[in-house]
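Q: Could you walk me through this protein model before I set anything up? I'd like the overall picture first and then one residue in particular.

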Amino acid sequence: MAIILSETDLERLYQTPAAIDDLLKLIEDSLAAHSRNEVAGQTRVETSLVDVTRKFRIMTAAVPGAGFGLRIGALFRGAKDAYFHLLFDNDNGDLLAMVAGRGLNVWRTGAPAGVAARHLAPPNAKTLGLLGSGRQARGQLAAICRALPSLRQVQVFSPTEAHRAAFAKDMSAWLGIQVEAVDSARVAIQNAAIVGVATSSREAVLETDWVTPGALVVSITSGQLPQDLIACSRIFVSWKEEVLAGEAPRQPYAAMIAAGTWSGDKIAGELGEYILGKVRGRQDAAETVVFECVGMPSWDTTATAWAYRWAREHRIGTSFTLD
């Protein structure tokens, strides 16, 4: 029988840092599968209610070793029970699970940052500068900490002092690592081997000369990085097609292409290609690397499979059948 997994059902999973290790491996495998052209049916569609301003996004992907997943999410406020995932068996098509999506989104977005840090961060990276103190910053920090045992210190900045202070206290206790709240974005990222950008801003939130040469910069939202940082860095992306030709122009890349100052040919490769050894990483120790973390439907399928397997192992969830 299939099972329903609510947000409450999955709370314990999300509160267990070590559980992220399995998700990191699954996401890494899905990136490699994507670069081997083994992921099928990877689509992203927007549709609407009769009121065309009330849109839904539907994402699908069939991932080897995970299953076929379908994510449905309302893009407007107020809709109840309107963000969830369906997971189907890859072999026989059986429905396996219906999974609440809000909490899962944090981990399907954060885990790829951890995989990128594992492969693209400077050797023995010990410091992380984090911009943002919301849900996505929590997921990104947890994933990078689990991916990099060498990490020792994190400095975090967000505009609201109380938020960043509470975040630093909570994450220090949860992850067992020193997380310090600081008073500016510049202080947070100066001298950091890894820069994590996990804010809700659609404008640049840092300046290029704040970034230490040779650092890894991870961005999960369009528009947060300055054009001159892109121009002087080695660029890796999760999904080249979406960066260059996605439904919503990815900034600052689209603006730079329109201005003739940059082109897609300057992308060093997808992270999956690097994992497979098809492309080189940084070419010298002082070369800054940017990872543009564009969301992929395959991550939704993979994260849903992760939650489903954990729930089955721990006998959690409500069984149901449509027969």
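What follows is a short exchange about the overall fold and then about a single threonine.

Q: What kind of model is it, and how many helices and strands does the secondary structure come to?
A: It is a predicted model, and the secondary structure of the protein comes to eleven helices and 15 strands.

Q: What is the radius of gyration, and what would a compact globule have?
A: The radius of gyration is 19 Å, which agrees with the value near 20 Å that a compact globule of 323 residues would have. Along the principal axes, the C-alpha atoms fill a box of roughly 60 × 45 × 45 Å.

Q: And what share of the contacts comes from residues far along the chain, say 24 or more positions apart?
A: Taking contacts with a separation of 6 or more, 68% are between residues 24 or more positions apart.

Q: How much is buried, and what about the surface?
A: Of the 323 residues, 54% count as buried, while the accessible surface comes to about 14,600 Å², with 49% of that area belonging to carbon and sulfur atoms.

Q: Switching to Thr-304: where is it, and is it buried or exposed?
A: Thr-304 is found in helix H11, which spans residues 297-313, and it is buried, because its relative accessible area is 1% and the cut-off for buried is under 20%.

Q: What does its side chain have as a polar partner, and which residues further off in sequence does it touch?
A: A polar atom of the Thr-304 side chain lies 2.6 Å from the backbone oxygen of Asp-300. Leaving aside residues up to four places away in sequence, Thr-304 touches His-85, Leu-87, Val-99 and Leu-104.

Key:
Residues are numbered from 1 along each chain as its sequence is written. This is a predicted model: local features need pLDDT of at least 70, side-chain atom pairs count only at pLDDT 80 or more; totals for chains, interfaces and linings use all residues. Side-chain values use heavy atoms; hydrogens and water are left out. Helices (H or I, at least four residues) and strands (E, at least two) are DSSP runs, numbered from the N terminus. The radius of gyration is taken over C-alpha atoms; the globule rule is 2.2 Å times the number of residues to the power 0.38. Buried means under 20% relative accessible area, exposed over 50%, partly exposed in between (1.4 Å probe, protein chains only). Contact means heavy atoms within 4.5 Å. Accessible areas come from the Shrake-Rupley method with a 1.4 Å probe; for residues, only the protein chains shown count as cover. A polar contact is a pair of N or O atoms within 3.5 Å; within protein, one must be able to donate a hydrogen and the other to accept it, and residues adjacent in sequence count only if both atoms are side-chain atoms.
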